[in-house]
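Subject: Structure handover

Hello,

Here is the structure we talked about handing over. Please load it before reading the notes underneath.

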Amino acid sequence: MAVVPERRLALLGGGFSTDDDGLLDDWVLDQVPVPRPKVCFVPTASGDAPAYIEQFFGAYQSRSCEPSVLQLFRRELDDEALRAFLLSQDVVYAGGGNTANMLAVWRAHGVDRLLREAFDRGTLLCGISAGANCWAEGSHTDSFGPLTHLSDGLGLLSGSVCPHYDSEPGRRSSYQAAVANRVLPAGWAVDDGVGALFTDGLLAESVTRTPQACLYRVEPGRDGGVKEQAMRCRLLAAAQLPTSPA
């Protein structure tokens with residue numbers, strides 16, 4: 001009997017683009033049980049910003065992995081090669097930027113369908129900010145200027161996602177209002193510094209690189225309010241270097 005791969009994705013509140021310690025990047029790679037996983041960075045949400053791509057390579061070329069980048073604004077692969085490339089990856093890492101624009105470009109190039117196929121085959125999908133928003137049914141976004149809701153995500157994760165829950169003014173109250181008013185379904189609010197791994201749609205692990213950061217489950221409550229539940233997060237620790245003898 002064929003073994004059905006686990007379908008896994010991770011929401012990131014940090015990583016190489018925001019943090020110096022590399023803890024969340026190491027945590028992502030630890031989820032892939034191969035010696036040198038293939039990691040593809042997809043910077044569509046930033047318009048394939050060159051500096052962002054350089055940041056990714058600067059962080060991942062020194063790690064035990066095979067990093068690559070998929071650029072769509074200067075696409076070079078035909079449909080067959082694009083499918084083969086994405087399906088060969090162990091990790092697909094979506095960058096931050098504009099969620100709405102990213103989803104529109106992905107759909108124009110058929111990347112949305114390929115990511116779903118990769119997900120079903122066991123590729124770990126992850127990302128930060130817009131790259132976390134995109135996997136859910138809906139998300140809380142500033143893609144249109146003011147904070148608002150976006151209801152046409154890829155739907156690989158049930159419910160909604162809100163990034164930058166603790167760091168951007170108005171995020172917490174605006175997301176809670178969207179859930180309370182049911183313009184967004186119940187979902188997950190991600191503080192900066194947090195990583196959340198979902199396996200077959202269920203939360204498998206949540207981690208944080210800072211003691212104060214957390215992952216929250218936000219659901220409609222009674223009388224038009226919301227119920228916010230803080231999830232227990234494992235604190236990631238930096239590797240300790242051996243102490244030199246005195």
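The notes below cover the empty spaces, one helix pair and the salt bridges.

Please keep in mind that this is a predicted model.

Pocket

The largest pocket has a volume of about 170 Å³. Its lining is made up of F57, V69, L70, Q71, R74, R75, E76, L77, L82 and F85. Sorted by class, that lining holds six nonpolar residues, three charged ones and one polar one.

One of the lining residues, V69, belongs to strand 3, which covers residues 66-69. Leaving aside residues up to four places away in sequence, V69 is in contact with C40, F41, P43, I53, F56, F57 and F85. Of these contacts, F57 and F85 also appear in the pocket lining. If you want a distance to check your numbering against, the C-alpha atoms of V69 and L184 are 32 Å apart, with their positions 115 residues apart along the chain.

Cavity

How many cavities of 30 Å³ or more does a search of the whole structure find? The search returns one. The largest cavity encloses about 30 Å³ of space. Around the largest cavity sit L12, G13, I128, S129, P163, H164, V190, D191 and D192. By class, this lining consists of four nonpolar, three polar and two charged residues.

Helix pair

Two packed helices are described by the angle between their axes and the distance between the axes. For helix 3 (residues 79-87) and helix 5 (residues 111-120), the angle is about 35° and the axes lie 9 Å apart. The crossing of helix 3 and helix 5 is right-handed. On the helix 3 side, the residues in contact are L82, R83, L86 and L87; on the helix 5 side they are V111, L114, E117 and A118. This contact has six nonpolar residues, two charged residues and no polar ones. L82 is also listed among the residues lining the largest pocket.

Salt bridges

Side chains of opposite charge can pair when their charged atoms come close. The structure contains 14 salt bridges. One of them joins R209 to D19, with 3.4 Å between the closest N and O atoms. R209 is in the loop between strand 11 (202-208) and strand 12 (215-220), while D19 is in the loop between strand 1 (8-12) and helix 1 (23-30), so the pair ties together parts that are 190 residues apart in sequence.

Regards

Key:
Residues numbered from 1 in each chain as written. Predicted model: local features only at pLDDT ≥ 70, side-chain atom pairs only at ≥ 80, totals over all residues. Heavy atoms only, no water. 1 Å grid on protein atoms, 1.4 Å probe; cavity = no way out; pocket = protein on both sides within 12 Å on 5 of 7 lines; lining within 4 Å. Points joined across faces, edges and corners; volume = space filled by probe spheres on them. Nonpolar A, V, L, I, M, F, W, Y, C, P; charged D, E, K, R; others polar. Axes fitted to C-alpha atoms, helices over the stretch in contact; angles between N-to-C directions. Helix = DSSP H or I, 4+ residues; strand = E, 2+ residues; numbered from the N terminus. Left-handed = near helix turned anticlockwise from the far one by under 90°. Contact = heavy atoms within 4.5 Å. Salt bridge = Lys/Arg side-chain N within 4 Å of Asp/Glu carboxyl O.
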